[in-house]
4 protein chains.
Amino acid sequence: MTSNHQADIGVGIIGCGYWGPNLIRNFNRHPRCRVERVADMRRERAEAVAREFHVPAANDDPGSVIDDPRVRLVVIATPAASHYQLAKRALLAGKHVLVMKPFTTSAEHAEELIALAERNGLVCAVDHTFVYTGAVQKMYDTLHDGSMGDLFYIDSVRINLGLFQSDVNVIWDLAPHDLSIIDYLLDGQDPVSVHCLGATHAGGSQENIAYLTVTYPGNVLAHVHVNWLAPAKVRRTIVGGSQRMIVYDDVEPSEKVRIYDRGVSIAKEASPGEIYQQFVSYRQGDMLVPQLSGREALAVEVEHLVDCIHNGKTPRSDGRAGLRVVRILEAAQHQLNSLRELQHAGLTTLRGAA
Amino acid sequence: MTSNHQADIGVGIIGCGYWGPNLIRNFNRHPRCRVERVADMRRERAEAVAREFHVPAANDDPGSVIDDPRVRLVVIATPAASHYQLAKRALLAGKHVLVMKPFTTSAEHAEELIALAERNGLVCAVDHTFVYTGAVQKMYDTLHDGSMGDLFYIDSVRINLGLFQSDVNVIWDLAPHDLSIIDYLLDGQDPVSVHCLGATHAGGSQENIAYLTVTYPGNVLAHVHVNWLAPAKVRRTIVGGSQRMIVYDDVEPSEKVRIYDRGVSIAKEASPGEIYQQFVSYRQGDMLVPQLSGREALAVEVEHLVDCIHNGKTPRSDGRAGLRVVRILEAAQHQLNSLRELQHAGLTTLRGAA
Amino acid sequence: MTSNHQADIGVGIIGCGYWGPNLIRNFNRHPRCRVERVADMRRERAEAVAREFHVPAANDDPGSVIDDPRVRLVVIATPAASHYQLAKRALLAGKHVLVMKPFTTSAEHAEELIALAERNGLVCAVDHTFVYTGAVQKMYDTLHDGSMGDLFYIDSVRINLGLFQSDVNVIWDLAPHDLSIIDYLLDGQDPVSVHCLGATHAGGSQENIAYLTVTYPGNVLAHVHVNWLAPAKVRRTIVGGSQRMIVYDDVEPSEKVRIYDRGVSIAKEASPGEIYQQFVSYRQGDMLVPQLSGREALAVEVEHLVDCIHNGKTPRSDGRAGLRVVRILEAAQHQLNSLRELQHAGLTTLRGAA
Amino acid sequence: MTSNHQADIGVGIIGCGYWGPNLIRNFNRHPRCRVERVADMRRERAEAVAREFHVPAANDDPGSVIDDPRVRLVVIATPAASHYQLAKRALLAGKHVLVMKPFTTSAEHAEELIALAERNGLVCAVDHTFVYTGAVQKMYDTLHDGSMGDLFYIDSVRINLGLFQSDVNVIWDLAPHDLSIIDYLLDGQDPVSVHCLGATHAGGSQENIAYLTVTYPGNVLAHVHVNWLAPAKVRRTIVGGSQRMIVYDDVEPSEKVRIYDRGVSIAKEASPGEIYQQFVSYRQGDMLVPQLSGREALAVEVEHLVDCIHNGKTPRSDGRAGLRVVRILEAAQHQLNSLRELQHAGLTTLRGAA
């Protein structure tokens, strides 16, 4: 298709963990990209991955990736705490960046990176992978074609017997997926409020279960349940509208999105005896499981990113999307911290206490 | 079996709605009970039910049920707002009472009824039906035989395209089920804190979606999601422990309880370079779906109640259990009210705002 | 609606087993029907049912039902072996009949009853309940609106840890459901061939598992798996067409019918090297779960039957439908008998025998 | 573990289709194996695979694989029609062989290969991958520890909207999986009889749906439904015993095996009136979902094969297992051919013909 083009985007990847091979594979499959160099703190890991996936150069020095003249796009797949420093250095070196989620560990850092990229005319993208899936795209289209009526709520559950992590808690680990989906569905709207509760169990030092509630203008309620200690894997998002409702079950192998032609409306009418009587009418129609694009989300994302780099477009999951997600996480973390302090002080939280 | 006993407990039922026929059927099946009289505001409804289920007397006067000398037990199956007045009158008339959930609409009323019943040596029970199911009994036994290790959390979802009600919101309608299950599993422990958020959609006047978080001593987190506007019926409670975890799915026709032999433990050890390193060990064992008693919960409840009346025992779901549930609902309602006021005042909630 | 009509169809029911109360309830709910009399070999059973469901008369004499002058329609809900004698006697007495499945235990008997009913201008219906469900109706409509393309096969599985019966084997017990659905979907077409294999286990005297294959003109293959010894309940029928396919899962509480917009077509083209190469093209489109009528099948059937009696119409599940099902069962039984004889004679069936 | 050993088994692979990369990956991961050479009719395919997976040599000549002196084990992953010639040539060249399923296209060929391997002291294995899965191993262990009581039946369904093939029909394509599982569970027992029915649709030249019934001594009934034209993927095997029953659902991501503590027993006792009355007692106990080994089946198989080559053991899926499966397929094919002839001759098979 684009075989008349040269592979003109050299890609460098910093961090060769679980996601690294997927990144290499998808960039190398794109006709205009070529992974030139990888780095990982564990040098032997970088070298093994480079050997297996035919990457020309590998070592343990992130700087060598950023400074490699063949590299135009730096992919930052390290732990979250290092995203800011590495992305900043790459942007200062005039490179486009793709940063894994969460974008940064503070909104301030995110804002600085966005400004830097804009000043230098560089693409700054965040790997909100889910927004490139066929499932989320179908949800977006259904929500925005008007057939769902008013949006009421988004309820998202992402639980599993997961990989406990020592450096971040469960909201920084899992909630970016849900929050980036919600952010995309809501066209990047700013939230009205954020509430968060969580708990730390099993001798860990980080919350392993948390409930995050985000309200949006127009009385839209978003709720995210993330949990590393659940017996079975659940990844389910319900989008409730007045005319239609969607259930997105990412654990389903093929039938991920179910669109229910169901809704409710309430008409108030005066009636003698009682001042108002509610007339509720339910609509129970068909349910549709749309055929979804089977393309790998990361391949879609790479193609989109290449398009943005070539044509100066703004990525669907740009730094600003990353920032909006980080802002919510930061607000939630603030509340979890207060909760921890109260508990350490031996105080029960009194809010709402019976 | 007990056919040598006379039916010595005359039962009177006030309120012949959806649950009425179930109550009559189950009381009449017990050899020592006999439903003598029913009443309903809609007299023709009371008479039709009486005819169909062979109840000797029926009218539209609750007083006639309470005052009928053949009636020893008054079952109050009217809307929640009238529970207190009717139960009080029955207790004052020296009758045992069984009150549908929620017990009352205020903790103060509940306390008064409990005191009245105790003073008069009468049974005051609340119809927390779920605590009499084979599923919840199995959960209780599993939690209390020590094999689950430490209890971490209980997460309960009860959502459906439900019957919108004009007099109560979704937490008073649905959450009593979840809260009574949690209360039973935790042996009636008092909560440390209650948090609640909700929203009112579709032109209704009552919250149709709400998230309720209740914390208990020992860092136990309970969370309840109730929703009248969900496209599909979900009734699922997860109980997470350090050694085993339970998923109770009440929508499953036969395999309602799944006990997972799974857990996690974290050992902290000093390591050079980092002060603490987390060693997390997961256990992934078999999953068991226990055979459950197939007896109708209401039949178990009736038998238990008869035993309590005859032998002066305290019902599993007594007034105090009802009170504990009402206290949580009241605290939650308090927060929903504050939220409504903020919104009506055009103020955004600031807590945790980004 | 038809409240200006009198209840002019007196109904008598012979056999008060599991299905009896459902029959009484549904006939009595129809404004033009009234159950006047029931009978059961176990007189006390008949009397108890009559008392509970307000039937005026009950005893242990089938003749009293048939001869009751108020009875215009005789419902025969006894074991299959007695259907013929009772239905014959009722038809000779000038009564319409509704016979439970299987219609009779031999095609000869079925033919005689059909002839008798026609001669006397009486309705002779068979209780093929499933053909009155919303699910089967939707399948019929989908198959007959042309959108499925060519019909290829119908595969039906009806298995459970079932009620072993001593008088009939599993094909006479369960397969009438599947065969009546298939017969209805195929507009009563005559089969081309019938094949059946089964086995008798656990010390029983009747086959408890059987596989029944019925071929129809146009290369349509129907297959039925019935089994009393399965660990879990499966009731699933797949209808495969060239353009669309249906999965009907009767165990699903609400989403019983799934219509897949999927198919395959094969184009043959000459190619050098190989004489023919197959070009197969698959179509994978959306899947639709249609909203189904929630009416109880038996209520639909009663209404239909009343219409047939009043207006001289032929029931959807008339004697001829019953006969077609019995013919298949008889042919299948013939093969099971041959198989039994071979086994009793110590002969193994030849490997690969047709 | 075996790192002190050299990689002393050179492996050559003929055929680089879908399964090829899996074979290379798994052999190369074993410390004592090394894939030295691959071949494929499509030379560029062989070269691309070799490049991606670091195989030293590749071309389009199967002979070059067989004759390569570094190759001790030849893996034959070509279409079934060529298995016999290639395996024969490899065995004659003194090489061990692993042949994909089905082993051969005729029992005669299979017998010849077995004899040849035995004469030359070579391992001749067939890739019955499923018998190396944790799921099938658990089923085998459960069936053979005596807790299931008597085995009654095995019912296997393997259907999908599958890949139509022009050279083989659906039984040769899919049924080897089911038949090899059944053969393993039954310890290689010879069947008593084989029956098969099928149909060819959508303009294809090969059966795309078939039902295969195999009976075994002791009244054991095995049934296999294979289908390329089903709307959804089902891969489910039920094993029914008198004391316990297993459902193996290979589509389930994690809970593949369910062991039901359920059964039935029938006691016959004389009773007045009827000569024998059946007393059936059901047992409905718990259901267990055992934790299964998560190792990739092919890795287990490779390890087992290496052990057999080094220690002169007989593989679990040896040529004789392959032969037993081919014998059943051959008998089934014979019946499908008779059926086709009858249809081409315009003859209907007689209704009820055995």
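**Entry 1: the axis between chains D and B**

I looked up which residue of chain D comes closest to the rotation axis, and found Leu288(D), with its C-alpha at 2.3 Å. The model I am working from is a predicted one. I then took the operation itself: chain D is superposed on chain B by a rotation of 180° with 0.0 Å of shift along the axis, at an RMSD of 0.1 Å. I therefore recorded the relation as that of a two-fold axis. I also checked whether the two copies use the same surface, and noted that 100% of the contact residues of chain D recur in chain B.

**Entry 2: extent of the D–B contact**

I listed the residues in contact and obtained 12 from chain D and 12 from chain B. For the area buried between chain D and chain B I noted about 1000 Å², with carbon and sulfur atoms giving 38% of that value.

**Entry 3: polar links across D–B**

I counted 8 residue pairs in polar contact between chain D and chain B, both partners being at pLDDT 80 or more. The salt bridges between chain D and chain B number 2. One of these I looked up by name: the side chains of Glu255(D) and Arg258(B) meet at 2.3 Å, N to O.

I next asked which elements of chain D give two or more residues to the side that touches chain B. They are strand 13 (257-270) and strand 14 (276-289) of chain D. Strand 14 of chain D supplies the largest share of that side, 6 residues. By residue class, I noted 5 nonpolar, 3 polar and 4 charged on the side of chain D that touches chain B.

**Entry 4: a salt bridge between chains A and C**

Turning to the other chains, I found Arg258(C) in a salt bridge with Glu255(A), the closest N and O atoms lying 2.3 Å apart. I placed both ends of this inter-chain pair: Arg258(C) sits in strand 13 (residues 257-270) of chain C, and Glu255(A) in the loop between strand 12 (245-249) and strand 13 (257-270) of chain A. Are the two partners buried or exposed? The relative accessible area of Arg258(C) is 14%, which is under 20%, so I entered Arg258(C) as buried. Glu255(A), at 9%, is buried on the same cut-off.

**Entry 5: salt bridges within a chain**

Within chain C, I looked up Asp40(C) and Arg42(C), which form a salt bridge with their closest N and O atoms 2.9 Å apart. Asp40(C) is buried, at 7% relative accessibility, whereas Arg42(C) is partly exposed, at 42%.

Within chain D, I noted the salt bridge of Arg43(D) with Glu47(D), at 3.0 Å between the closest N and O atoms. Both residues belong to helix 2 (residues 43-52) of chain D and stand 4 residues apart, about one turn of the helix. I recorded Arg43(D) as partly exposed, at 40% relative accessibility, and Glu47(D) as partly exposed, at 30%.

**Entry 6: network and total**

In chain A, I followed a network of salt bridges that links Arg34(A), Glu36(A), Arg37(A), Asp68(A) and Arg70(A). I closed with the count over all chains, which comes to 84 salt bridges.

Methods: Residues are numbered from 1 along each chain as its sequence is written. Chains are lettered from A and ligands numbered from 1 in the order in which they are written. This is a predicted model: local features need pLDDT of at least 70, side-chain atom pairs count only at pLDDT 80 or more; totals for chains, interfaces and linings use all residues. Side-chain values use heavy atoms; hydrogens and water are left out. Contact means heavy atoms within 4.5 Å. Buried area is the accessible area (1.4 Å probe) that two parts lose on being put together, summed over both. A salt bridge is a side-chain nitrogen of Lys or Arg within 4 Å of a carboxyl oxygen of Asp or Glu. A polar contact is a pair of N or O atoms within 3.5 Å; within protein, one must be able to donate a hydrogen and the other to accept it, and residues adjacent in sequence count only if both atoms are side-chain atoms. Ala, Val, Leu, Ile, Met, Phe, Trp, Tyr, Cys and Pro count as nonpolar, Asp, Glu, Lys and Arg as charged, and the others, Gly among them, as polar. Buried means under 20% relative accessible area, exposed over 50%, partly exposed in between (1.4 Å probe, protein chains only). Copies are superposed by least squares on the C-alpha atoms of residues with pLDDT of at least 70 in both.
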